[in-house]
Amino acid sequence: MIVVCGAGGFIGGHLVRQLRLSGKLVRAIDVKPFDEWFQQDPQAENLQLNLSEKESCERALKGADEVYNLAADMGGIGFIENNRALCMLSVLINTHLLLAAHKYGVQRYFYASSACVYAADKQQSTNVIPLKESDAYPAMPEDGYGWEKLFSERMCRHFQEDFGFATRIARYHNVYGPWGTYDGGREKAPAAMCRKVIQAKLSGANRIEIWGNGNQTRSFMYIDDCIAGTLSIMASTIDKPVNLGSSELVTINQLVDIVEEIAQVKLQRDYNLSAPQGVNGRNSDNTLIRSYLNWEPSISLNEGMRKTYKWIYEQMTKDKFTPAPIGYVPSTSVIAK
Ligand code: GDC
């Protein structure tokens with residue numbers, strides 16, 4: 001039995017889907033009510049549980065062979081900069097899950113960490129040197145969210161050393177794709193840009209707001225690469241934190257260029273210099289993952305953004321009133337109403 005914690009979220013939903021496609025027995029858990037899950041597989045054992053509570057974690061992991069912990073209160077830079085205490089409370093989830101995993105003899109435990117663990121002084125320039133795993137120390141991670149991730153990584157390491165079950169840790173670099181958050185405040189830049197460009201296009205507003213000056217650099221990993229890498233890391237012998245991210249570096253302005261090209265529009269850009277911006281530059285050094293797996297994320301930003309844009313466009317337009325075709329004449333019964 002494989003347990004996926006955070007199964008109602010973006011990455012968790014895709015992971016359950018992939019595990020089910022390969023015929024695995026899956027228990028899927030999230031704190032959100034079922035109608036808020038991004039994806040739900042009726043063949044999985046779906047449970048709504050608050051995993052920050054010890055009893056819920058024990059209920060969740062009883063009978064489990066493998067556990068994926070993707071459960072966390074998180075979001076894009078707009079969310080994590082303004083909700084540091086909430087982000088830190090995710091420590092309760094990982095702590096109680098590790099204890100339950102130890103109690104029930106779980107064999108393998110995956111922890112979803114983040115590039116936000118990396119030290120701030122190594123991310124000050126937009127002209128980045130890709131981050132290698134050792135750059136997390138000396139520690140000065142993203143305030144709140146990053147500290148929790150770094151602490152929880154460390155806890156996984158010591159549970160592995162002291163209690164003898166395998167823990168696997170991936171440091172995700174900005175993951176995007178369909179069936180993820182694109183509005184409401186937790187969205188990351190790729191989904192936010194799709195939403196803003198679509199809104200500008202549909203409304204005819206012709207302009208979008210960009211946080212910062214647009215010169216910040218990032219790499220963005222498409223969800224299919226994230227799931228493939230997650231499964232491989234879990235099955236591997238990599239017993240220390242490893243980067244899981246694309247190494248295709250772009251500026252935020254280049255990300256917007258890609259979305260404009262997909263949408264076939266050219267918009268005026270309004271730069272909001274007081275909006276959350278996070279680090280100036282960040283990229284993933286993939287030497288370690290390549291050396292273990294002979295693999296690294298390779299789906300291009302262009303290809304991934306086309307699929308993401310299409311899905312967000314469908315979500316934003318599906319419930320809308322569709323204008324009648326030109327030349328359409330309503331029937332008299334409709335007019336009488
Ligand atoms: O939110 P994010 O994708 O997270 O932002 C990337 C950059 O895009 C930031 O510099 C931000 O100012 C800029 N940006 C411009 N406009 C907008 O409308 C917008 N919305 C958003 N969200 N950003 C905009 C993330 C964390 C994650 C995760 C990853 C790991 O930081 O928020 O939780 O851990 O890092 O790589 P980002 O890349 O800063």
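How do the residues of the shell around the ligand divide into nonpolar, polar and charged? In this predicted model, 14 are nonpolar, seven are polar and five are charged.

I'll stay with the ligand for a moment. It is surrounded by 26 residues, and the closest are Gly-75, Ser-114, Lys-196, Pro-276 and Gln-277. Pro-276 also makes a contact through its backbone: an N or O atom there lies 2.7 Å from an oxygen atom of the ligand. A polar backbone atom of Ile-77 is 2.8 Å from a ligand oxygen. On the nitrogen side, a ligand nitrogen atom is 3.1 Å from a polar backbone atom of Glu-187. As for cover, the ligand on its own has 700 Å² of accessible area, and the protein covers 98% of that.

Next, where the shell comes from. Helix H3, residues 77–80, helix H7, residues 189–203, and strand E8, residues 207–211, each supply at least two of its residues. The largest share is four residues, and that comes from H7.

So, H7 itself. Why does its length agree with expectation? Its 15 residues, at 1.5 Å a residue, should span 21 Å, and the C-alpha atoms at its ends are 21 Å apart.

Its buried residues include Pro-190, Met-193, Arg-195 and Lys-196. Lys-196, you'll recall, is also among the residues closest to the ligand. The cover over the buried residues of H7 includes strand E7, at 175–176, strand E8, helix H9, at 252–263, and helix H11, at 301–317. E8 also supplies residues to the ligand shell.

After H7 comes Gly-204, with a positive phi near 75 degrees. That's where I'll stop.

Definitions and conventions. Residues numbered from 1 in each chain as written. Predicted model: local features only at pLDDT ≥ 70, side-chain atom pairs only at ≥ 80, totals over all residues. Heavy atoms only, no water. Near = heavy atom within 4 Å. Polar contact = N/O pair within 3.5 Å; in protein donor to acceptor, adjacent residues only side chain to side chain. Areas by Shrake-Rupley, 256 points an atom, 1.4 Å probe, with all protein chains shown as cover. Nonpolar A, V, L, I, M, F, W, Y, C, P; charged D, E, K, R; others polar. Expected span 1.5 Å × (residues − 1). Buried < 20%, exposed > 50% of the residue type's maximum accessible area, 1.4 Å probe, protein only. Contact = heavy atoms within 4.5 Å.
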